[in-house]
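Reader: I would like to go through this one with you, label by label. Could you explain the reasoning behind each term as we go?

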Amino acid sequence: MKIVILLLIAYFLMISQANFLSVFGISRYLPNMTIVFVLLVIFLEPDQSRKGIILAGVSGLLFDLFLGKPVGFYGLIFLAGAILIKLVAKKHIWLKIKEK
Amino acid sequence: MTNYWLRPRNKTKTFALAAILIVLFLIIVNLRDTRPYLQNIFFTASTPIEKILLKTGQKLKSFTDRIIEINSASRQNKDLQSENQILKARIARLKSLETENESLRMALSLGLEKEFQFIMAEIVSQNPSTGTIIINRGATDGVTEGQIIISPQKALIGKIDQVFRDFSRVILISNKNMSFDASVINAANEKSVKGVIKGQGNLNLIIDLISQEETIAPGNLVTTTSFSGQFPKGLLIGEIAKINFSDVQPFQTAQVKPLFDLAVLGTVFIIIGQ
């Protein structure tokens, strides 16, 4: 259930950045909100949790569909990025805000 | 036989299997031209939300734009008002210069510059009831007490009573304390009749001490004489308005209408030398 909510948030951030924030002309000055959200989830979740990786992969796929890229282009990049961050963070970064 | 899915597996193998499956899935999706189909589903699902977001964004943008426009219009309005004030001030200045120019032209046409040395001044305040006016020339301009003030038409207005640094108070010839020699020029026989001008206040003058034997008529011009030494000879004072003749009086008097009109007079000349 939690992963569904996280995916909905990521999806909402993606379309709102494109449709809502772009109207105000501030979209170009903002970082990609979905990526920021995915990174936050990856960094803040417990080490054992794989939600961040799933979220990154599915968000990537949504990006592919939304931007008209070949399916899997962003999906694989996000997935690989998320796994890499997880591995590096697990070994070298001590940032545990929430511990289960 | 043990079920494949229930057998304990190596983590790496599972990961490799998952990766292979994902890659295969992606290759099939991209090769089989299912991408447009998937995108269509995605957009069908997204469009209502996107529309709502877009409309909300546009409305909010329109609202904020209007507020910004109001602020901008308000600022623009202030700027225009300020510019308008500056232009009004310039127009007023130009009008003032125009009046000055006219006065100078009139003075030059009368040849005032040949008879007198003068400086020009503007009336900044007037009080006909007390018979005084204030002009915008003072000690810094070389004005001294007793100097004579005339109009551009060479009509006598008064003399400097008190000098300040940048301003001077002029006592009008209609002031009750004013009394000086004058002569009435009879237009019929061009004979001049001597008399004494006395101020009556409120821009009223009379000429007194005119001998009963002399003949004067309304409309005769009254000019200054140099007997008392107060004013130079030949300055216009006014014209006879009404004669008060009485057999029982030793002298005849007449009301004199001054030739200057404070209501329209803006520029005057101070005679600083001859």
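**Reasons behind the labels**

Author: Gladly. Of the 100 residues in chain A, 39% count as buried. Please keep in mind that this is a predicted model. Chain A has 4 helices and 0 strands, and its elements run α-α-α-α from the N terminus on.

Reader: Why is A:Phe66 called buried?

Author: The relative accessibility of A:Phe66 is 17%. Buried means under 20%, so A:Phe66 counts as buried.

Reader: And how many aromatic pairs does a search of the whole structure find?

Author: Over all chains, the search finds 10 aromatic pairs. One of them is formed by A:Phe66 and B:Phe43, with 6.4 Å centre to centre and 45° between the planes.

Reader: What makes the pair of A:Phe66 and B:Phe43 tilted?

Author: Ring centres have to lie within 6.5 Å to pair, and 6.4 Å satisfies that for A:Phe66 and B:Phe43. Planes under 30 degrees apart count as stacked and over 60 as edge-to-face. The 45° of this pair fits neither, so the pair is tilted.

Reader: How do you know that this pair joins two chains?

Author: A:Phe66 lies in helix H3 of chain A and B:Phe43 in helix H2 (residues 35–109) of chain B, so the pair joins two chains.

Reader: Is B:Phe43 buried or partly exposed?

Author: B:Phe43 has a relative accessible area of 30%. Partly exposed covers the range between the 20% and 50% cut-offs, so B:Phe43 is partly exposed.

Reader: Why is the pair of B:Phe42 and B:Phe43 called edge-to-face?

Author: Its planes are 75° apart, with 5.4 Å centre to centre. Since edge-to-face applies over 60 degrees, the pair of B:Phe42 and B:Phe43 earns that name. B:Phe42 itself has 7% relative accessibility, so with the limit for buried at 20% it counts as buried.

Reader: Which residues do ring pairs link into a cluster?

Author: The cluster consists of A:Tyr11, A:Phe66, B:Phe42 and B:Phe43.

Reader: Let us turn to the surface. What makes a nonpolar patch there?

Author: A:Met1, A:Ile5 and A:Ile9 make a nonpolar surface patch of about 320 Å². A:Ile9 is in helix H1 (residues 2–19) of chain A. Patch residues need over 30% relative accessible area, and A:Ile9 has 35%, so that condition is met and A:Ile9 counts as partly exposed.

Reader: Which residues form the positive patch?

Author: A:Arg50, A:Lys90, A:Lys91 and B:Lys11 form it. A:Arg50 sits in the loop between helix H2 (33–44) and helix H3 (51–67) of chain A. With 42% relative accessibility, A:Arg50 lies between the 20% and 50% cut-offs and therefore counts as partly exposed.

Reader: Why does B:Lys154 count as buried?

Author: Its relative accessibility is 17%, and because buried means under 20%, B:Lys154 counts as buried. B:Lys154 belongs to the loop between strand S3 (148–150) and strand S4 (156–163) of chain B. Its phi is positive, about 70°, although B:Lys154 is not a glycine.

Reader: Where does B:Asn202 lie?

Author: B:Asn202 lies in the loop between strand S7 (192–201) and strand S8 (204–211) of chain B. B:Asn202 has a positive phi of about 50° and is not a glycine.

Note on methods: Residues numbered from 1 in each chain as written. Chains lettered and ligands numbered in written order. Predicted model: local features only at pLDDT ≥ 70, side-chain atom pairs only at ≥ 80, totals over all residues. Heavy atoms only, no water. Patch = residues over 30% accessible without salt bridge, like charges linked within 9 Å, V, L, I, M, F, W, Y side chains within 5 Å. Areas by Shrake-Rupley, 256 points an atom, 1.4 Å probe, with all protein chains shown as cover. Salt bridge = Lys/Arg side-chain N within 4 Å of Asp/Glu carboxyl O. Lys, Arg positive; Asp, Glu negative; His and termini not counted. Charge placed at Lys NZ, Arg CZ, Asp CG, Glu CD. Buried < 20%, exposed > 50% of the residue type's maximum accessible area, 1.4 Å probe, protein only. Phe/Tyr/Trp six-rings, centres within 6.5 Å; stacked < 30°, edge-to-face > 60°.
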